[in-house]
Amino acid sequence: MAMHHHHQEPQGDALARAAQQTLERSGEQWTTMRAHIFAALAAFDKPASAYDIAEAVSKAEGRRVAANSVYRILDVFVAANLARRVESSNAYIANAHPDCLHDCIFLVCDTCGQTTHLDDDLITNGVRSAAEKAGFSPVRPVIEVRGKCANCEAAA
């Protein structure tokens, strides 16, 4: 039986406050631009690229925001556990529980792009253990399973 951890997942303003507190505890500042980028990222229902986020923030702010600036902020967010990078699509999702450090498993639909985040400590601890047995020191395992979500499977 897999061990899952369960979270209260804040949304909206509560998620932004949790992200701000987590970022500040990591020694970083919560600037206006970082707040705008986090809000844009959290508003997406699928993983978003830096270009998607730059476009959303640019529209909301009425001024152009460069994707390279967004990339730098996303790097800070990933390091502080506010966001997760979906490696296979070079896109990001907001971490709905930024105060909890754990490894994630992503289920990525090849048809619609929907990405589901799972926490399963049994699987991720097994991956860490296998890496350590091989003499490798894992920092942050990334597990992605590509396939078809239930909605796309049902529509086929």
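Let's start with one residue: tyrosine 51 is exposed, because its relative accessible area is 55%. The cut-offs for that word are simple: buried means under 20% relative accessible area, exposed means over 50%, and partly exposed is in between, with a 1.4 Å probe and protein chains only.

Before I go on, a word on what you're looking at. This is a predicted model, so local features need pLDDT of at least 70 and side-chain atom pairs count only at pLDDT 80 or more, while totals for chains, interfaces and linings use all residues. Residues are numbered from 1 along each chain as its sequence is written, and side-chain values use heavy atoms, with hydrogens and water left out.

Okay, the overall picture. The protein chain has 6 helices and 5 strands. Helices here are DSSP runs of H or I with at least four residues, strands are runs of E with at least two, and both are numbered from the N terminus. Starting at that end, the order reads α-α-α-α-β-β-β-β-α-β-α.

How does the radius of gyration of the protein chain fit a compact globule? A globule with 156 residues would come out near 15 Å, and the protein chain has 16 Å, so the two agree. That radius is taken over C-alpha atoms, and the globule rule is 2.2 Å times the number of residues to the power 0.38. Along the principal axes, the C-alpha atoms fill a box of roughly 50 × 45 × 30 Å.

Of the 156 residues, 38% count as buried. Contacts, meaning heavy atoms within 4.5 Å, say something about the fold too. Take the contacts with a separation of 6 or more: 51% of them are between residues 24 or more positions apart. On the outside, the chain exposes about 9,100 Å², with carbon and sulfur atoms supplying 52% of that. Those areas come from the Shrake-Rupley method with a 1.4 Å probe, and for residues only the protein chains shown count as cover.

Now the rings. A pair of aromatic rings is described by the distance of the centres and the angle of the planes. For us, rings of Phe, Tyr and Trp (its six-membered ring) pair if their centres lie within 6.5 Å; planes under 30 degrees apart are stacked, over 60 edge-to-face, and the rest tilted.

The structure holds 4 aromatic pairs. One of them joins phenylalanine 38 and phenylalanine 77, edge-to-face, at 5.9 Å centre to centre with 80° between the planes. Phenylalanine 38 sits in helix α2 (residues 32–43) and phenylalanine 77 in helix α4 (residues 67–79), so this pair ties together parts that are 39 residues apart in sequence. Both of these phenylalanines are buried. Back to our opening residue: the rings of tyrosine 51 and tyrosine 71 are 6.2 Å apart at their centres, with planes at 85°, so they are edge-to-face as well. Tyrosine 51 is in helix α3 (residues 50–61) and tyrosine 71 in helix α4, so this pair bridges parts 20 residues apart in sequence. Unlike exposed tyrosine 51, tyrosine 71 counts as partly exposed, at 24% relative accessibility. Ring pairs also link Trp30, Phe38 and Phe77 into a cluster.

Let's stay on helix α4. Which residues does valine 70 contact, leaving aside neighbours within four places in sequence? They are Ile37, Ala50, Ile53, Ala54 and Val65. Valine 70 lies in helix α4 and is buried, at 0% relative accessibility. Its C-alpha is 6.3 Å from that of alanine 54, although the two are 16 residues apart in sequence.

Isoleucine 73 belongs to helix α4 too, and at 11% relative accessibility it is buried. Not counting residues up to four places away, isoleucine 73 touches Met33, Arg34 and Ile37. Then there's aspartate 75, also in helix α4, which is partly exposed at 47%.

Last stop: phi angles. Most residues other than glycine have a negative phi. Which value does asparagine 81 have? Its phi is near 75°, so to speak on the positive side. Asparagine 81 is in the loop between α4 and β1 (83–86), and it is buried, at 2% relative accessible area. Asparagine 90 has a positive phi too, near 45°. You'll find asparagine 90 in the loop between β1 and β2 (91–94), partly exposed at 29%.
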